[in-house]
Amino acid sequence: MIRKSLPALLTLLAATPLAWAQDVDLSVEGLEGALQDNVDVYLSSIPVEEYSTNLRFQARVERNIIEALLALGYYHPKFDFSVAEDDSELIVKVTPGPVVIIQEVDVQITGEAKNDPDFAALINKSGLKSGDALNHSAYDALKSGIRNLALQKGYFEGDFKLSRLEVAPDLNQAFIRLHYDSGIRYHFGDSTITGSQIDQERVESLSPYKSGDPYLVSQVGEYNQNLSNTDWFSSVFVEPDLSQLGEGRELPMKVSLSPQARNQLETGIGYSTDVGVRGSLKWKKPWVNSRGHSFDSSFSLSAPEQTITAGYRIPLEDVLNEYYRIQYGLKNVDNRDTKSLESNLSLERHWLLDNGWHRTLYVRYLLENYEQGIQDDTAQFLLPGISFTRSRIRGGSMPMWGDRQSLTIEYGDPSALSETRVTRLIGGMTWIRGVGRNHRGIFRIDGGANFAEDFSKLSPSLRFFAGGDNNLRGYGYESISPTDESGALTGAKYMATSSLEYQYRVYGNWWGAVFYDVGDAFNDEIDLKRGTGVGVRWASPVGPIRLDFAWGLDANPGDEFKIHFTLGPEL
């Protein structure tokens, strides 16, 4: 018989290649709930290929389990290791023993934060109470939470005078002592702005705080965001000048900016079955002068429609939320029975309201030379109006929750450059709701109405047509409206469409869809047209792509089936 000393045996074990252990499972018994979950987390740091039944691996498993149990206040675990007869499984039976109980919680805040309600709320939410089981993570969370809250609220010179977690394992008792002296709370001081091409008062007007206000890091972040949202700057950085700590209560702020490129060009190309291939070119000047005025223009080209627009924006005192906009647009349409050259000039006043609504008060001058069926004419309208829109989204390009509402009211009068008296109402609502990760529903309803003394004097852009990719699938683009005696489309006084769609995630970013659309564009009596079908959705890196196979249930014979393809957001 060969005898080996214990050191020699350990040396032999240490030299044993772990690769010899193959297909070994590890089972832990005797734990449940949070204890089992924490042990699983700690053991997951050991690669499966290193599992073994040898003594060295057993010691490693025991160390990890001890650390996991200590974190939750169990200081006296016991272990019983056993190995399956075929060496295929290592079984660990764990008796956690009694838990350590918190005997005393001594948390003191001194300095100017002593009466700060946010610190009191943080301590109350920590879950550390006498008589409760010790949880090291709760202690660490409270300690770091106090330090972080102090920095967020401007107690920059705060420090722990005492931070100790004392554990008496033999007594199963713990004592928590956290004494934090916050010092003074700093306030916002004057701002030094560098690198800005915009007038200083414009930049300062975007600040959510004033000199002398108590410091809040959230307001620093808001100021950063506000400056970024103007699109005036390519880089934005707002920070306190911490080199001035101890030089007074007010802490100077540094605002470092870099101008945005004065000219920006963007090109794009897309496709939809409504208009075919569409190309676009956009030219934008994010800032025209030191007052922050901006200019944008776009050119869009497709077979049935060509559009040119140009807009000039003048921000008001509330730079982000209130502004004037002057816009001109020229649009040429040659689609089915409509030929139109439309010119629009508008003056708009915009408000972004606190409740999320975007309100626009405007007046626009419309001049349109057109052929609609057998009608050939030129019309002008001066249309004052008001519109309200709101979009809310939670998620990415295909959100699991979102909605959009819009309402526009316009009025024209023959005594003020309009061909006929007309009141126009246009509105729409879309809801997106998801259930779990794999189910989405979309409901959409849109409508419009023209209340005109002489409908025949309305130009095509003021009339309604239905059908196409986005409002009544299974029918051609703007193919639904009343007709004249020649059978040509005339456009309608009224329009109402609705859509209900269900989507299911098939794999990854790929979804299947089924839908049902209904609606009509009509003058006197509605004659609902129905469409239904199936589709494929892909949440691509450039936005949702939709491919639909639709059947117009009330379409003309031989024209019942349509394929619809679109690229763009659902709201």
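**Four domains, one helix face and a run of paired strands**

Let me begin with a single residue, Gln 244, which is partly exposed, with a relative accessible area of 30%. Please keep in mind throughout that this is a predicted model. Gln 244 sits in the loop that links strand E8, residues 233–240, to strand E9, residues 250–259. Leaving aside residues up to four places away in sequence, Gln 244 touches Leu 251 and Pro 252.

From that loop I would like to step back to the chain as a whole, which is divided into domain 1 (25–95), domain 2 (101–181), domain 3 (187–259) and domain 4 (306–567). Between the C-alpha centres of domain 2 and domain 4 there is a separation of 58 Å.

Now to the start of the chain, where UniProt, in an unreviewed entry, carries the annotation "domain: TamA POTRA" over residues 25–96. In the model this span is 39% helix and 25% strand, and its end C-alpha atoms lie 22 Å apart.

Which residues of helix H2, residues 33–43, are buried? They are Leu 35, Gln 36, Val 39 and Leu 43, and, seen down the axis of H2, the buried residues fall within an arc of 95°, so they line one face of the helix. That buried set packs against strand E1 (25–29) and helix H3 (55–71), whereas the face of H2 turned away from the buried side carries Ala 34 and Val 41, both exposed.

At the other end, the unreviewed UniProt entry lists residues 275–568 as "domain: Bacterial surface antigen (D15)". Here the model gives 0% helix and 64% strand over residues 275–568, with the end C-alpha atoms 14 Å apart.

To look at the strand pairing in detail, I have chosen strand E20, residues 439–452, which runs antiparallel to strand E19, residues 422–435, and is joined to E19 by 14 bridges. Within this pairing, Gly 434 stands opposite Arg 440 in E20. The hairpin of E19 and E20 has three residues between the strands, and in that hairpin Gly 436 takes a positive phi near 65°.

E20 is also joined to strand E21, residues 494–507, by eleven bridges, and these two strands again run antiparallel. As for individual positions, the bridge partner of Gly 447 in E21 is Ala 496.

To close, I would set two pictures side by side: helix H2, whose buried residues line one face, and strand E20, with its antiparallel pairing to E19 and to E21.

Definitions and conventions: Residues are numbered from 1 along each chain as its sequence is written. This is a predicted model: local features need pLDDT of at least 70, side-chain atom pairs count only at pLDDT 80 or more; totals for chains, interfaces and linings use all residues. Side-chain values use heavy atoms; hydrogens and water are left out. Domain bounds come from an automatic or database domain assignment. UniProt positions are given in the numbering used here, feature names are shortened, and annotations may be inferred rather than shown by experiment. Helices (H or I, at least four residues) and strands (E, at least two) are DSSP runs, numbered from the N terminus. Buried means under 20% relative accessible area, exposed over 50%, partly exposed in between (1.4 Å probe, protein chains only). Contact means heavy atoms within 4.5 Å. Two strands pair if DSSP finds at least two bridges between them. The arc is that of the directions from the helix axis to the C-beta atoms.
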